[in-house]
Amino acid sequence: MLVSALNIVINGLLLGGLYALVAMGLNLQYGVARVLNIAHGEFIMLGAFITWAMYTKFGINPLLSIVIVGPIVFIIGFIIQRTLFTSLRTSAPSQPAFEGSSMLASFGLLFIIQNVALIIWGGDMRAYSYYNFGINLGGAVFAANRLIALIFAVVIGIAFYIFLVRTRIGKAIRAAAEDPTTAGIMGVNINLVLALCFGLGAVMAGLAGVFLSMCFPIYPVMGLEYLIITLIVVVLGGLGSIPGSFIGGFILGLIGSAVSSWQPSLALAAYYFIFMLLLIIRPKGILGK
Amino acid sequence: MSILEGEGVTKYFGGLAAVSDVDFHVDQSEIVGLIGPNGAGKTTLFNTISAAIAPRPGVIRFKGKRITGLKPYQVCRMGIARTFQSVKVFNNMPVFENVRLGSFFGTATRMSSAESAKEAEELLDFVGLSAMNTTLAGDLTLVNQKRLEVARALATKPELLLIDELMAGLNNTEVAQAMKLVTSIRDKGITIFMIEHVMKAIMGVCDRIMVLHHGVKIAEGTPQQVATSQTVVEVYLGE
C-alpha cells in the first residue's frame, strides 16, 4: 500500500515536470503574445524527433540535443510570430478578434508542421534507449531517464522564473503581459518582446520534447495529445502566471498518476473533469489574477 | 523655437472625425494646456503624438524631425513621454519596478542598473511616493497611481511630457499639490502639454491654452484670452 502510494507520487512528479515545462511555454505564448497556440504540441514533437534522429543517425547524446533543439525551435517560433502573428495583430480590429484569428492560424500551423514531419519521418512510432535502467526508491521503481527529465525540467523552469523576475527583458515581458500598448509607449519594443516570448515558449515545448523522447515512444501526431493536457494545466495554474503553470503541471501529473494506477484509460477523462470543474468554480486558476 | 509641431493632424474613427485638420505647436519650456468638452478629441490628439495611433492625414514633428509613422517605443526614446487619462500603471508590479521600466527601456541611451535605481528613487521622492516603493501599483489610491504615472514617464528622461487629466477626481489640496508638481517639472527644463478639465488648475499653470471642440481647434491664446473668448464661452455654456 505504502509502496504503491509512493509509486503514484513519484510517477506523478516525473510526469508533472514535463507538463510544467510545456505549460510554461504555452502560458508565455498565450499570456503575453495572446496567441492560443494550437500548434504548441508540434514543437514538442519537433524537439522529440530531432533528438531521436540525432541519436540514432549520428549517435549524439540526447542531452546534448538541448543545444541543437533550443535554437532551432526558437528561430522557428520567433519567425512565425514576427511574420504571421504580427501581421494578424496589426490588422485585427480588436483584441478578441486577434485571439480568434491567431488561434485559427495556429490550427493551420499544426497541420503544416505535422505533415512535414510525416513526410520526413513517416508515421511510425519511434523510440530509443537512453539511461533506461531501473532506479529503486524505497520500493518504487522507475527508469533513470525519467529522473533526468524531471531534474532538467525543474532546473529550466526555475531558471526561467529567475530570468523573468531579475532581468530587464523579463521585466519587459511582465509589463507586456499586463498591457502591451502602455509598455510600448514606455519604450518597450513590443513586437520584439512578443516574438521573444513566442520563441521562448517554443523552446520550452521543444526541450520537453527532448526529454519526452528519452522516456516514451514518439510519433509525428503526438503533439495534439500533449496540447490538450497543456491547455488544462495552463487554466489550472492561471492564465499569465508562470509559477501557476509550473505548480499546475505537477498537480495534474499527480492526479493523472493516481487515476492511471486505478484505471489507465480514465486519465484523460479525469483531466477533463477537473478542467470543467475548474471553469465553473475558479476560472482564474490557482494563481491567476 | 517649437519643440513639437503638428500640421493638419486628422484622425477618423469610422466616418467620424475625432480630430480634424488641427495645426498646433508647443514651444520649448512652455506649459501648454489643451481643453475642450468631453469627446472633443483631446486624448486622440495625444495618441497621435505618442504614436499609439497614426494621424491620417497629417504630420507631427518633434524637434524638427518627423515622428509620424514611427513606433511608440521610438517616439518615447526620442524624448516624448506621457501619462494616461484612465490610469495605466502595471498593477502587478511594485511601484519601484513601474518606474524602472521607464528608465530601462524609454531612455535614449542605455542606463545601468544602479543609475536607474537611483533615478527611480529620486523620482519617487519627487512625486511624493518614496514611502511606497514596494507596494504593488494596483494597490495604490487613484491619486498615487497618477503620481506614479508621472514618475514613470519622467524616468524615460523626456524633453516633452504629455499629461492627460492629472487632476480629475482630486480634491482641492491634491489639485494644489498637482499644480505645484507640474510647475516643478517645467522647472527641470521639461516642456509640458497637458489636457485638463479643472479650470482653476489650467488657468493657473499654463502659458498658453488651446481649445478643441468636435475635433476642431476653435481658440488659442493666453489663459486670459481664452477665458474671455466668446466662442469658448459658447462651447462650454451653450449659446
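In this predicted model, helix H9 of chain B, which comprises residues 230-237, lies across strands S9 and S10 of the same chain, and its course makes an angle of about 125° with S10(B). The two strands that H9(B) crosses belong to an open sheet of six strands in chain B, arranged in the order S6-S7-S8-S3-S9-S10 and mixed in its pairing. The edges of this sheet are formed by strand S6 (80-82) and strand S10 (216-221) of chain B, each of which pairs on one side only. From one strand to the next, the twist averages 20°.

A second helix, H6 of chain B (residues 172-187), also packs on the sheet, where it touches S3, strand S7 (160-164) and strand S8 (191-195); the direction of H6(B) makes about 150° with that of S8(B).

Strand S3 of chain B, spanning residues 31-35, is joined by four bridges to strand S9 (residues 208-213) of chain B, and the two strands run parallel. Within this pairing, B:Val32 stands opposite B:Arg208, while B:Gly33 is placed opposite B:Ile209. On the S8 side, four bridges likewise connect S3(B) with S8(B), again in a parallel arrangement, and here the bridge partner of B:Gly33 is B:Met194. B:Gly33 thus stands opposite B:Ile209 in S9(B) and is bridged to B:Met194 in S8(B). With regard to its surroundings, S3(B) is mostly covered, four of its five residues being buried.

Methods. Residues numbered from 1 in each chain as written. Chains lettered and ligands numbered in written order. Predicted model: local features only at pLDDT ≥ 70, side-chain atom pairs only at ≥ 80, totals over all residues. Pairing = 2+ DSSP bridges. Axes fitted to C-alpha atoms, helices over the stretch in contact; angles between N-to-C directions. Contact = placed C-beta atoms within 7 Å. Buried ≥ 20, exposed ≤ 12 C-beta atoms within 10 Å, placed from the backbone.
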